[in-house]
Amino acid sequence: MTAGLTVDGTIARARVAQVAVGWLSPEERLAHLSRLRRTIQDRSEEIVDRVQAETGKTRSDILMSEVFGVLDAILWLEGNAAAILADEKVSTPLTLMGKKSRIWYAPRGVALIISPWNYPFFQAVVPIVNAFVAGNAVVYKPSEHTPLPGLLESLLEQAGIAPAWVQVVQGDGEVAERLITQRPDQVMFTGSARTGRAILRQAAELLIPVELELGGKDPMIVFDDVNLDRTVAGAAFGGLTANGQSCTSVERLFVQRGVCEDFVRRLVKLVEGLQQVADPATDRAGDADLGVMTTDFQVATVARHVLDAEQQGARRLTGTDWDAAAAVEGRPGLPDRPYRFVPPMVFVDVPEDSLLASEETFGPVLPVFTFDTEQEVVGRAKDTPYGLTASVWSHDLDRAERVARQLRCGGVSINNVMATEATPALPFGGVGESGMGRYKGAAGLRTFCDAQSVIIDSDGKKLEPNWFPYTGAKYQLFRQMMTAWLDRGPTRLAKFARTGSRLEAYAQKPRGK
Ligand code: NAD
């Protein structure tokens, strides 16, 4: 935990700073983001180094998912944010003739962003830039496991973003709780369902709106008419990129019976050929496929799930010499490798009530299940409290779409995997225990705004008919106007205009005249 002094007063400082951020136009804020994008691009190798040192992921994972993902997200905001945040004209009813109705997308104020350890650069910058461009001051609390000390601050400073506009506060969950106590105007949380619940409870007491981006048990559904080589390659990437430590990793792979044996044989061959490094620092050229896990506790979770499944009859087809029992006890699963080295593991015959089949594993593990029919696989894929993303693979696009529409999740890729989150224009988020709310895309940008309803009238003498004084005569005139307004007949508008103008004229008279 960091010193209390840096935490106390953080939200109040941000609230003062927000006045300046709010005065900037979206175009001015975007100019800052454009400088930030160029800074990130110029310093991309340094960023890859820093993220790799803290996460143990491969350079290619970090460059493609984190650095490019961030640059692309900013570029999309530069092209689209001003239009999304622009005032919206909506129709004004005849009963309010002469006025203008608008929606203004006002900043919420101070956005508190709390992030996890698996994508420490992406999960920092993307929520920050969305919140900032909408006019909020931002307080960002990274995971204590991947704090990247000073990196974000230095990039923001180089881009000319004032330190009070985006404050970075280091610390653990207790620090995050203390920040919430200071009443930010919004909490945007990415992390586990367990912490999401705790945040929702705390925020409920203070009536703070919360966005929750939580975990998943994402299914990949493969029908028997697919191009097997491409689909197998997609499955390996979807299950194993970032060592499986992605919220949208393929956690359950359903393959139709006719091709399952062949699919598994090819998958095993591909996985056995992947290059994994025990020391990420040796991956200088970017040609390692897998690195090491980021935290010890996640290795222990993977080991517990593997052990539980194997005790119930699951068969491991790759990474067979990794000792899950040793890893559960805190010892390396391979004698000559560090504790965090976990090889990619393909499983078959996994009982559906085992931990591996039902809880988020968040590691380099691919359990393969066999299915026969569309209805059956939809039922099994949905048999989880989670609903983050899914993928459906079939040469028959009608079938793929039909099945995809039956799934309950925040995003679905057809004949691809983890692709919805790579598209900045698409909103991202989950349903059920995968969270609530959306970020990214137009909907996600407006997550950081309050939609303000505005009516603009002109100054002058005219009094409104619904204002005081109320009189019996006005009551009758109003009733006639209301009847005319609700009438669906051809003379409706003429009747409405006649009764409306009598009511208007009457309303200009003070009581009794
Ligand atoms: P976590 O919930 O343990 O921690 C996330 C953050 O919450 C950290 O910054 C932590 O310090 C903070 N925190 C802990 N206790 C808190 C409390 N009581 N109040 C407020 N903040 C608190 O999650 P993690 O282990 O860092 O991340 C892994 C999880 O994140 C996985 O479940 C993964 O699926 C999920 N995730 C989701 C997405 C998504 O977009 N849906 C993206 C990445 C990761």
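## The annotated domain

Over residues 7–454, the chain of this predicted model is 43% helix and 17% strand. The C-alpha atoms at the two ends of that stretch are 37 Å apart. The stretch carries a label in UniProt: an unreviewed entry places the feature "domain: Aldehyde dehydrogenase" at residues 7–454.

## Three assigned domains

The domain assignment divides the chain in another way. Domain 1 is built from three pieces of sequence, 17–90, 107–213 and 439–451. Domain 2 covers 216–423. Domain 3 covers 458–506. Between the centres of domain 2 and domain 3, taken over C-alpha atoms, there are 66 Å.

## Where the ligand sits

The ligand occupies the largest pocket. There are 29 residues around the ligand. Ser-115, Glu-144, Ser-192, Thr-195 and Glu-360 come nearest. Three elements each supply at least two residues of this shell: helix H8 (173–181), strand E6 (186–190) and helix H9 (193–206).

Some side chains reach oxygen atoms of the ligand with polar atoms. For Ser-192, an N or O atom of the side chain is 2.6 Å from a ligand oxygen. For Thr-195, the corresponding distance is 2.7 Å. Trp-117 has a polar side-chain atom 2.8 Å from an oxygen atom of the ligand. How much of the ligand's accessible area does the protein cover? On its own the ligand has 860 Å² of accessible area, and the protein covers 91% of it.

## The annotated active site

Which residues does the UniProt annotation "active site" cover? The unreviewed entry gives Glu-213 and Cys-247. These residues span 35 positions in sequence, yet no two of their C-alpha atoms are more than 9.0 Å apart, so they gather at one spot. Both Glu-213 and Cys-247 belong to the lining of the largest pocket, and the ligand sits in that pocket.

Glu-213 also has a place in the secondary structure. Glu-213 lies in strand E7, which runs over residues 210–213.

## Two backbone details

Arg-183 is found in the loop between H8 and E6. Phi of Arg-183 is near 60°. That is a positive value in a residue other than glycine. The two elements on either side of this loop, H8 and E6, each supply at least two residues of the shell around the ligand.

The other detail involves a proline. Where is Pro-469 found? Pro-469 is in the loop between strand E16 (449–456) and helix H18 (472–486). A cis peptide bond joins Phe-468 and Pro-469, with omega at about 5°. The domain assignment gives 458–506 as domain 3.

Note on methods
Residues are numbered from 1 along each chain as its sequence is written. This is a predicted model: local features need pLDDT of at least 70, side-chain atom pairs count only at pLDDT 80 or more; totals for chains, interfaces and linings use all residues. Side-chain values use heavy atoms; hydrogens and water are left out. UniProt positions are given in the numbering used here, feature names are shortened, and annotations may be inferred rather than shown by experiment. Helices (H or I, at least four residues) and strands (E, at least two) are DSSP runs, numbered from the N terminus. Domain bounds come from an automatic or database domain assignment. A residue is near a molecule or strand if one of its heavy atoms lies within 4 Å of it. A polar contact is a pair of N or O atoms within 3.5 Å; within protein, one must be able to donate a hydrogen and the other to accept it, and residues adjacent in sequence count only if both atoms are side-chain atoms. Accessible areas come from the Shrake-Rupley method with a 1.4 Å probe; for residues, only the protein chains shown count as cover. On a 1 Å grid over the protein atoms alone, a cavity is a set of points where a 1.4 Å probe fits but cannot get out, and a pocket is an open set with protein on both sides within 12 Å along at least five of seven lines; lining residues have an atom within 4 Å of a point. A molecule sits in a cavity or pocket if more than half of its atoms lie within 2 Å of its grid points.
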